[in-house]
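Me: I'm new to this one. Please walk me through it while I look.

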2 protein chains.
Amino acid sequence: MTEKPRKRADAQRNELSLLDAAAATFVAAGVDAPVRDIAAKAGVGVGTIYRHFPTRADLIVAVYRHQVEACAEAGPALLAANTSPHAALAQWIDLFVDFLVTKHGLAGALRSDNAAFQTLHAYFLDRLVPVCGQLLDAAVAAGEIRDDLQPITLMRGVGNLCIGAENNPDYDARRLVDLLITGLRLK
Amino acid sequence: MTEKPRKRADAQRNELSLLDAAAATFVAAGVDAPVRDIAAKAGVGVGTIYRHFPTRADLIVAVYRHQVEACAEAGPALLAANTSPHAALAQWIDLFVDFLVTKHGLAGALRSDNAAFQTLHAYFLDRLVPVCGQLLDAAVAAGEIRDDLQPITLMRGVGNLCIGAENNPDYDARRLVDLLITGLRLK
DNA sequence: TTGTTAAACGGAACAAGGTTCCGTATCGTA
DNA sequence: TACGATACGGAACCTTGTTCCGTTTAACAA
């Protein structure tokens with residue numbers, strides 16, 4: 001039962017190089033950076049990228065997995081630390097916005113209907129929507145907000161608002177997200 | 001002074017065909033449809049497209065100009081027809097959302113930082129931001145909403161919320177825009 | 001009508017990026 | 001050390017945007 005087809009040493013090495021190179025390239029040129037650039041920076045051929053990460057989304061997910069996990073785990077923690085669930089929700093959304101606006105092009109990729117980004121989309125949604133739902137439910141239960149907004153709609157809306165938010169002087173995504181969360185309140 | 005370098009008959013004809021073909025193609029395949037497809041549908045070579053419409057944005061603007069103008073003109077009309085400027089604002093935004101969500105891919109194009117879409121961006125902003133500003137000012141003057149939101153930020157936010165809204169069952173852009181406008185209210 | 005010319009046309013050619021494929025190199029093991 | 005499986009590299013191919021130039025055609029004057 002315990003399969004153990006351990007990967008070859010060179011394959012493990014390359015996977016690491018690729019992750020490093022991708023992280024660096026994403027910072028410098030955004031998550032849409034050419035595959036060839038990433039391969040070159042990692043010192044491998046393009047074939048090697050596709051072997052390890054069949055789609056760009058797989059690579060992006062691998063690079064940001066830790067941060068997404070951290071965000072997901074912050075949800076319950078914030079709920080526990082705040083007396084007002086609405087405040088916890090606002091803080092959590094803020095965390096999510098922080099994450100998105102510092103990853104050049106990520107919000108846009110999340111939105112893309114390109115098949116290659118399907119995995120990315122699915123991962124973010126699977127991991128974060130339940131957390132968002134928890135916060136939303138708590139706020140509804142506390143009578144702080146309206147009860148007719150689906151977690152997935154909120155997540156998508158916030159994601160959309162973050163598109164193109166990086167270093168754009170006359171577009172304040174955080175501000176808009178804040179208005180959205182405010183609009184959620186009853187009364 | 002009155003220059004009259006009238007265009008050649010074939011050029012005028014082709015421009016019309018192109019506009020028709022583009023409109024049809026945009027409906028069927030979105031505003032990102034391949035240039036070659038549009039050229040083929042119009043029965044002209046790709047060179048002819050570029051001669052008439054140097055960038056894709058020029059073509060998009062030409063196709064949707066009438067509708068954008070109509071939207072712009074609806075602003076003052078709604079203000080005059082409503083006793084509450086906030087209600088007028090909500091209705092106007094609704095018109096804008098209607099326009100965007102029925103044009104597959106347009107909201108995304110509006111957001112693109114690709115140089116080719118610069119003109120599109122500029123046209124929409126030039127034409128609609130002042131109208132939005134007028135509505136916003138009136139609502140502020142009536143004491144209905146907070147006074148610290150720039151028209152351009154609002155327009156961009158609404159545009160962003162409309163990205164990917166076409167036939168997507170679990171994403172209700174209109175709903176989110178509504179929350180945003182609600183969040184604007186004082187109290 | 002016909003000749004001349006500037007305007008406009010078509011589409012081949014080129015560039016850029018994604019993706020596939022297969023001959024070659026390397027690893028792990030007997 | 002030899003051998004099979006695994007992984008690698010990068011050329012080649014596809015799609016889409018964009019440019020360029022030889023050819024066609026509309027406009028107009030003689």
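Me: Which helices each supply at least two residues of the surface near DNA strand C?

Reply: From chain A there's helix 1 (9-29), helix 2 (35-42) and helix 3 (46-52), and from chain B there's helix 1 (9-29) and helix 3 (46-52). A residue is near a strand if one of its heavy atoms lies within 4 Å of it. Helices here are DSSP runs of H or I with at least four residues, strands are runs of E with at least two, and both are numbered from the N terminus. Keep in mind that it's a predicted model, where local features need pLDDT of at least 70 and side-chain atom pairs count only at pLDDT 80 or more, while totals for chains, interfaces and linings use all residues; side-chain values use heavy atoms, with hydrogens and water left out. Residues are numbered from 1 along each chain as its sequence is written, chains are lettered from A and ligands numbered from 1 in the order in which they are written.

Me: Which helix gives the largest share near DNA strand C?

Reply: Helix 3 of chain B, with five residues.

Me: And which residues come nearest to that strand?

Reply: Of the 24 residues around DNA strand C, the nearest are A:Arg36, A:Arg56, B:Arg8, B:Asn14 and B:Thr48.

Me: What does B:Arg8 reach with its side chain?

Reply: An N or O atom in the side chain of B:Arg8 is 2.4 Å from a base nitrogen of DNA strand C. The phosphates have partners too: a polar side-chain atom of B:Arg51 lies 2.9 Å from a phosphate oxygen, and a polar backbone atom of A:Val35 is 2.9 Å from a phosphate oxygen.

Me: How much of what the protein meets there is sugar or phosphate?

Reply: Of the atoms of DNA strand C within 4 Å of the protein, 50% belong to sugar or phosphate, and the rest to bases.

Me: OK, DNA strand D now. Which residues are closest there?

Reply: A:Arg8, A:Asn14, A:Thr48, B:Arg36 and B:Arg56 are the closest of the 23 residues that surround DNA strand D. On this strand, a base nitrogen is 2.4 Å from an N or O atom in the side chain of B:Arg36. A:Arg51 has a polar side-chain atom 2.9 Å from a phosphate oxygen, and a polar backbone atom of A:Gly45 is 3.0 Å from a phosphate oxygen.

Me: Which helix supplies most there, and what's the mix of residues?

Reply: Helix 3 of chain A has the largest share near DNA strand D, five residues. By class, the surface near DNA strand D has eight nonpolar, six polar and nine charged residues. Ala, Val, Leu, Ile, Met, Phe, Trp, Tyr, Cys and Pro count as nonpolar, Asp, Glu, Lys and Arg as charged, and the others, Gly among them, as polar.

Me: How are chain A and chain B related?

Reply: A rotation of 179° with 0.0 Å of shift along its axis superposes chain A on chain B, with RMSD 0.1 Å. The two copies are therefore related as by a two-fold rotation axis. The fit is by least squares on the C-alpha atoms of residues with pLDDT of at least 70 in both copies.

Me: Which residue of chain A comes closest to that axis?

Reply: A:Gly183, with its C-alpha 1.8 Å away. Both copies use the same surface, as 100% of the contact residues of chain A recur in chain B.

Me: How many residues are in contact between chain A and chain B?

Reply: 24 residues of chain A and 24 residues of chain B, where contact means heavy atoms within 4.5 Å. The area buried between them is about 2,200 Å², with 59% given by carbon and sulfur atoms. A:Arg175, A:Leu179 and A:Leu180 supply 23% of the area that chain A buries against chain B, more than any other three residues. Buried area is the accessible area (1.4 Å probe) that two parts lose on being put together, summed over both.

Me: How many salt bridges cross that interface?

Reply: Four, a salt bridge being a side-chain nitrogen of Lys or Arg within 4 Å of a carboxyl oxygen of Asp or Glu. One example pairs the side chains of A:Arg156 and B:Asp170, at 2.5 Å from N to O. On chain A's side of this interface, helix 8 (151-161) and helix 9 (173-184) each supply at least two residues.

Me: Last topic, chain A itself. How many helices and strands are there?

Reply: Nine helices and zero strands. Inside chain A, the side chains of A:Arg174 and A:Asp94 meet in a salt bridge at 3.7 Å, N to O. That pair links distant parts of the chain, with A:Arg174 in helix 9 and A:Asp94 in helix 5 (residues 85-101), 80 residues apart.

Key
Polar contact = N/O pair within 3.5 Å; in protein donor to acceptor, adjacent residues only side chain to side chain.
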